[in-house]
Amino acid sequence: MVLFSLSRIAFYYANLVAYPDITLARFLYIMWGGIRFDLSAILYTNLLFILLQIIPFDFRYSNKYQNVSGFLFLITNTIIIIANTADIAYYPYALKRTTSAVFQQFANEENLGKLFSRFLVDFWEITLIGLLFIFLLVFFFKKIKIGKRPEGRFKIRLLKNSLLFVVLGLLTVIGLRGG
């Protein structure tokens, strides 16, 4: 959520010309409204990761399982960070946020690699912001440690984990709907 909010601030700052009449109060209102949108976007982005973390079975505590799901988390969120920061530079040219239409726009482009590398150089400030956000994502993700499998009888653990699965699943659905 913090990275999405920082991205919104960077977007606004880089595109100040497009929003000359926004007051601080209006900007804070936009930031507050963005949190609800961000929650939904983050939940959609991380839906598989969330499911992998809340399934009620003990194998989710294994190192291999956590490494694979952590890799999935980092890859999907890195893609979102790249898209979000690229949007900062894309907006002044298209006067709209990036959508799936951007893929159609570049579908027949033969030198996409050259364009991408040129983008990284021409918009070096945005490239640095994106790299900083990716670094922060990895840094803070590595700070999270999954505990050991809880002690106790299997049936009790399964019941607790199943209840937690249902509650977290319902909360995720509510968040996905933006509510």
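## Aromatic pairs in an all-helix model

Phe49 is buried, and Phe73 is buried as well. These two residues give a convenient way into the structure, which is a predicted model, and their rings are the place to begin. A pair of aromatic rings is described by how far apart the centres are and by the angle between the planes. The centres of the Phe49 and Phe73 rings are 4.9 Å apart, and their planes stand at 50°, so this pair counts as tilted, an angle over 60 degrees being needed for edge-to-face and one under 30 degrees for stacked. Because Phe49 belongs to helix α3 (residues 47-54) while Phe73 belongs to helix α4 (residues 63-94), the pair ties together parts that lie 24 residues apart in sequence.

A second pair is formed by Phe59 and Tyr65, whose ring centres are 5.3 Å apart and whose planes are at 75°, so that this pair is edge-to-face. As for their surroundings, Phe59 has a relative accessibility of 45% and therefore counts as partly exposed, whereas Tyr65, with a relative accessibility of 16%, falls under the 20% limit and so counts as buried. Elsewhere, Tyr12, Tyr19 and Phe27 are linked into a cluster by ring pairs. In total, the structure holds 9 aromatic pairs.

From these rings one can step back to the fold as a whole. The protein has 8 helices and 0 strands, and the pattern read along its sequence is accordingly α-α-α-α-α-α-α-α. The radius of gyration is 20 Å, well over the 16 Å that the globule rule gives for 179 residues, so the protein is more spread out than a compact globule. Measured out along the principal axes of the protein, the C-alpha trace spans about 60 × 40 × 30 Å.

How are the contacts of this chain distributed along the sequence? Among the contacts in the protein with a separation of 6 or more, 71% are accounted for by residues that are 24 or more positions apart.

The surface and the charges complete the picture. Of the 179 residues, 30% count as buried, and the protein exposes about 12,900 Å², of which carbon and sulfur atoms supply 71%. The protein carries 19 positive and 9 negative charges, and the mean position of the positive charges lies 17 Å from the mean position of the negative ones.

Definitions and conventions: Residues are numbered from 1 along each chain as its sequence is written. This is a predicted model: local features need pLDDT of at least 70, side-chain atom pairs count only at pLDDT 80 or more; totals for chains, interfaces and linings use all residues. Side-chain values use heavy atoms; hydrogens and water are left out. Helices (H or I, at least four residues) and strands (E, at least two) are DSSP runs, numbered from the N terminus. The radius of gyration is taken over C-alpha atoms; the globule rule is 2.2 Å times the number of residues to the power 0.38. Buried means under 20% relative accessible area, exposed over 50%, partly exposed in between (1.4 Å probe, protein chains only). Contact means heavy atoms within 4.5 Å. Accessible areas come from the Shrake-Rupley method with a 1.4 Å probe; for residues, only the protein chains shown count as cover. Lys and Arg count as positive and Asp and Glu as negative; His and the chain ends are not counted. The place of a charge is taken as NZ of Lys, CZ of Arg, CG of Asp or CD of Glu. Rings of Phe, Tyr and Trp (its six-membered ring) pair if their centres lie within 6.5 Å; planes under 30 degrees apart count as stacked, over 60 as edge-to-face and the rest as tilted.
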